[in-house]
Amino acid sequence: MADKKPVATLSYNGKSIELPILSPTVGPDVVDIRQLYADADLFTFDPGFTSTAACESSITYIDGDKGELLYRGYPIEQLADKSNHLEVCYLLMYGELPTPAQLADFHQRITRHTMVNEQMHFFFRGFRRDSHPMATMVGVVGAMSAFYHDSLDINDPWHREVASIRMIAKLPTIAAMAFKYSLGQPFVYPRNELSYAGNFLRMCFAVPTEDFVLNPVLEKAMDRIMMLHADHEQNASTSTVRLAGSSGANPFACIASGIACLWGPAHGGANQACLEMLREIGTVDRIPEYIAKAKDKNSGFRLMGFGHRVYKNFDPRAKVMKESADEVLELLGIHNNPTLQVAKELERIALQDDYFVSKKLYPNVDFYSGIILEAMGFPTSMFTPIFAISRTVGWISQWKEMIAEKNLKIGRPRQLYIGEPRRDYVDVTRR
Ligand code: CMC
């Protein structure tokens, strides 16, 4: 006798409906409700998608209770320790770690695409100098579809591949250009003999009047920031990219939508918001006032850099990032910086406070990344663009995975309507 497939039974209105149970390779089972509306005239209600799997994916796995993050099965701690961002990009995009020859080939393909079309320089000049670099990036990345017509056909795997390589290669160049533009300094062209992270640091900090010396500790720290942010399964910006892509929109438009979503302070914008909050607190003696505000529901204030939708134990990325922060601060001899003192004391107090402990609110990756980036000399406005560069490979890998699905459906959630029922129009003179 064949094994019976497990089902969940839903009883409603005198009817019993059987819903199949799907089993992932790791993680909790999933109730398949795709037939629910057709069979029972019911929708499910799950704002914020706290209990809804919106797709199948084999890229990234998170166990929020254990504090585990796996890229294609490999633990983030091992990758952060032994790998580098470009190798991680290959892993996320193609599913396996590359052989030396595959890695060399990938490296060459990326570096051949690091320059942007020269015409794009003029496009940058249309923005105000004081634009937030994320605003510039949303515009410029969206505009890539106007510059690279030869990689827009989403049904052609070669077009998809070229568009993907272009975005991974050019995002650091675009972010560095946005930074240079805001400073009123000349754009710095990429150097292909440097690492991905090293090249980005040089494009941000080199000036024509001096030789640029790359510091290997800062290069490694930047590479780690990139690896740790490379993918995070179906987070808000990735889901945005998938939703935009499900309509058949071109890949550059989809990634621009991801960048726009990432900018929000509850998501990628938290690293900027966190550093600004630390500066606003200013001195250690004001921490209790901010802790009290964070606990007060009416204040609308949250401790930025604390809490996570999925991690309810600790954020494994934050652990690695904390180590990196210590290394960078030691190297740069930063011990008495007031922002850092506030950060350390805030972390200590919050980790002991009942409110934060009982709600499982721990420092997340953005708490430490902001500290490193500030020590490196980046203004807070560049924190989220660096997150966007790092996450580009995740967005692209998820987009490619989705487009390759046989029965791709446009994403189209339903709603629980709470507005007026049907009513008749009343002429303006009678209202
Ligand atoms: N400070 C104070 N209270 C908080 C915080 C915080 N940072 N985060 C959550 N809470 C409270 C919240 O008020 C709620 O309390 P109650 O149960 O009494 O109503 C409880 O904890 C659960 O919060 P939630 O809003 O239901 O949790 P969520 O899963 O919807 O939100 C979050 C997750 C990350 C948006 C939220 O923790 C937050 O706003 N954190 C600050 C912003 C931040 O650091 N974001 C970066 C996330 S990591 C990088 C990334 O992946 O983008």
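Reading the terms in a predicted model

Q: How far does a polar side-chain atom of Asn364 lie from an oxygen atom of the ligand, and what makes this a polar contact?
A: A polar side-chain atom of Asn364 is 2.9 Å from an oxygen atom of the ligand. A polar contact is a pair of N or O atoms within 3.5 Å; within protein, one must be able to donate a hydrogen and the other to accept it, and residues adjacent in sequence count only if both atoms are side-chain atoms. The 2.9 Å for Asn364 is within 3.5 Å, so the term applies.

Q: What kind of model is this, and which atoms are left out?
A: The model is predicted: local features need pLDDT of at least 70, side-chain atom pairs count only at pLDDT 80 or more, and totals for chains, interfaces and linings use all residues. Residues are numbered from 1 along each chain as its sequence is written, and side-chain values use heavy atoms, with hydrogens and water left out.

Q: Which distances do Arg302 and Lys359 have to an oxygen atom of the ligand?
A: For Arg302, a polar side-chain atom lies 2.8 Å from a ligand oxygen. For Lys359, the distance from a polar side-chain atom to a ligand oxygen is 2.7 Å.

Q: How much of the ligand does the protein bury?
A: The ligand taken alone exposes 940 Å², and the protein buries 76% of that. The areas come from the Shrake-Rupley method with a 1.4 Å probe; for residues, only the protein chains shown count as cover.

Q: Which residues around the ligand come nearest, and what makes a residue near?
A: There are 20 residues around the ligand, and His267, Arg302, Leu303, Arg309 and Lys359 come nearest. A residue is near a molecule or strand if one of its heavy atoms lies within 4 Å of it.

Q: How is the shell around the ligand divided by class?
A: The shell has nine nonpolar, six polar and five charged residues. Ala, Val, Leu, Ile, Met, Phe, Trp, Tyr, Cys and Pro count as nonpolar, Asp, Glu, Lys and Arg as charged, and the others, Gly among them, as polar.

Q: Why is His267 called buried or exposed?
A: Buried means under 20% relative accessible area, exposed over 50%, and partly exposed in between (1.4 Å probe, protein chains only). His267 has a relative accessible area of 16%, so His267 is buried.

Q: Where is His267 found, and which residues is His267 in contact with?
A: His267 is in the loop between α11 (251-262) and α12 (270-281). Helices (H or I, at least four residues) and strands (E, at least two) are DSSP runs, numbered from the N terminus. Leaving aside neighbours within four places in sequence, His267 is in contact (heavy atoms within 4.5 Å) with residues including Asn235, Asp366 and Arg391.

Q: How many disulfides does a search of the whole structure find, and why does Cys89 form no such bond with Cys204?
A: The search finds zero disulfides. A disulfide is a pair of cysteine sulfur atoms within 2.5 Å. The closest cysteine sulfur to that of Cys89 is in Cys204, 17 Å away, so it is too far for a bond. Cys89 has 0% relative accessibility and therefore counts as buried.

Q: What about the sulfur of Cys274?
A: The closest cysteine sulfur to that of Cys274 is in Cys261, at 19 Å, again too far for a bond. Cys274 also counts as buried, at 0% relative accessibility.

Q: What makes Asp353 buried or exposed, and where is Asp353?
A: Asp353 is in the loop between α15 (338-352) and α16 (354-358). The relative accessible area of Asp353 is 14%, so Asp353 is buried. The side chain of Asp353 makes a polar contact with the side chain of Lys295, at 2.9 Å.

Q: Why is Tyr94 called buried, partly exposed or exposed?
A: Tyr94 has 30% relative accessibility and therefore counts as partly exposed. Tyr94 lies in helix α3 (residues 85-94), and the side chain of Tyr94 makes a polar contact with that of Glu161, at 2.4 Å.

Q: What is the phi of Asn13, and why is Asn13 called buried or exposed?
A: Asn13 is not a glycine, although its phi is positive, at about 55 degrees. Asn13 sits in the loop between β1 (7-12) and β2 (15-22). The relative accessible area of Asn13 is 70%, so Asn13 is exposed.
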